[in-house]
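Visitor: I've just opened this structure and I'd like to learn how to read it. Could you walk me through some features?

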Amino acid sequence: MPEIHISIVGLKPRNMGDEVELGIKIDAVNNSTVMNSESRIFTIASQMLFEIGNIGVNVLPYELTPEQFDSLEYSARLWEVVKKGLDLLSYGDNTRRQLETKLRSRGFDIELCAEAADYIANNGYIDEERMIEQYFRQLAEKKLYGPSRIRQEIMRKGFSRDVVSDKLSELIDEFDFYENLRDIVERKFDFSHANGNTADDRKYRESFIASMFRLGYSPSDVRQVIRDLSEE
């Protein structure tokens, strides 16, 4: 029965050394005679090659164990997905979950998509803390959303729960939502007695409070701001 000999016969750095093209030769040998030979090309990240063991760097040809070959083959498939993920990020920020979803929509293997998204995030290409702060400012300062609406919008974007729990809680605690709510009430709440839409009209008041609740403000906070402005 032929033995399988697998060797790295070529190694070529690419993309400023960020990735490596490996020439692989697979020989079926019987009694020292090569019965069949196959050539493969794997392109993987230099970091991935180093993590496997920096194999093939010092001497070629470099004989591989079956386990090393399997690792290289998997790394080449993973690197293909990682590169697609990095390409997607060049068009705009994505959370880790958003990126994984987009990769899956391109037809890549589910497990590879998850691992590629993790690889990209772990190497600093996805900064969810920066993204969450930027999105928070947009929602709080431009749209004047309240805390609960901001939390809903940010969770819908697919940020990791740990980042939401830590960073978003910190941002909410530091932001002055009272001034936001006061600005909205001053502009939108009818304190006059015209057209029946008055501050004393319970139906009107509750309808207004409900609209503020949809913006993310608690009924108690809205009532407090209305009282504060009424007393001024």
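Guide: Let's go through the backbone, then the helix pairs, then the core.

Guide: First, some ground rules: this is a predicted model, where local features need pLDDT of at least 70 and side-chain atom pairs count only at pLDDT 80 or more, while totals for chains, interfaces and linings use all residues. Residues are numbered from 1 along each chain as its sequence is written, and side-chain values use heavy atoms, with hydrogens and water left out.

Visitor: Which residues does a cis peptide bond join here?

Guide: Generally, most residues other than glycine have a negative phi, and most peptide bonds are trans. Here a cis bond links L60 and P61, with omega about 0°. P61 sits in the loop between α1 (46–52) and β4 (62–64). Those labels are DSSP runs numbered from the N terminus: helices are H or I with at least four residues, strands are E with at least two.

Visitor: And where is N15, which has a positive phi?

Guide: N15 has phi near 50° without being a glycine, and it lies in the loop between β1 (3–14) and β2 (19–30). L144, also not a glycine, has a positive phi of about 60°; look for L144 in the loop between α5 (128–142) and α6 (147–156).

Visitor: Is L144 buried or exposed?

Guide: Buried means under 20% relative accessible area, exposed over 50%, and partly exposed in between (1.4 Å probe, protein chains only). L144 has 13%, so L144 is buried. N15 has 49%, so N15 is partly exposed.

Visitor: How do I read a helix pair?

Guide: Two packed helices are described by the angle between their axes and the distance between the axes. The axes are lines fitted to C-alpha atoms, for helices over the stretch in contact, and angles run from 0 to 180 degrees between N-to-C directions. Take α8 (residues 177–188) and α9 (residues 202–214): their axes come within 12 Å and cross at roughly 140°.

Visitor: What do we call that orientation of α8 and α9?

Guide: Under 35 degrees counts as roughly parallel, over 145 as roughly antiparallel, 65 to 115 as roughly perpendicular, and the rest as oblique. So α8 and α9 are oblique to each other.

Visitor: Which residues of α8 and α9 meet?

Guide: Contact means heavy atoms within 4.5 Å. From α8 come L181, I184, V185 and K188, and they meet Y204, F208 and M212 of α9. By class, that contact has 6 nonpolar, no polar and 1 charged residues. Here Ala, Val, Leu, Ile, Met, Phe, Trp, Tyr, Cys and Pro are nonpolar, Asp, Glu, Lys and Arg are charged, and the others, Gly among them, are polar.

Visitor: How far apart are the axes of α3 and α4?

Guide: Helix α3 (residues 96–105) and helix α4 (residues 110–122) have axes 9 Å apart and pack at about 145°. Their contact includes L99 and L103 of α3 and C113 and A117 of α4. It has 9 nonpolar, no polar and 4 charged residues.

Visitor: Which residues touch the most other members of the largest nonpolar core?

Guide: A nonpolar core is a set of buried Ala, Val, Leu, Ile, Met, Phe, Trp, Tyr and Cys residues joined through side-chain atoms within 4.5 Å. The largest one has 62 residues, and L22, I24, L72, F136, I150 and I154 touch the most other members. Helix α2 (residues 66–89) gives the most to this core, with 9 residues. Not counting residues up to four places away in sequence, I24 touches residues including I6, F42, L64 and L72.
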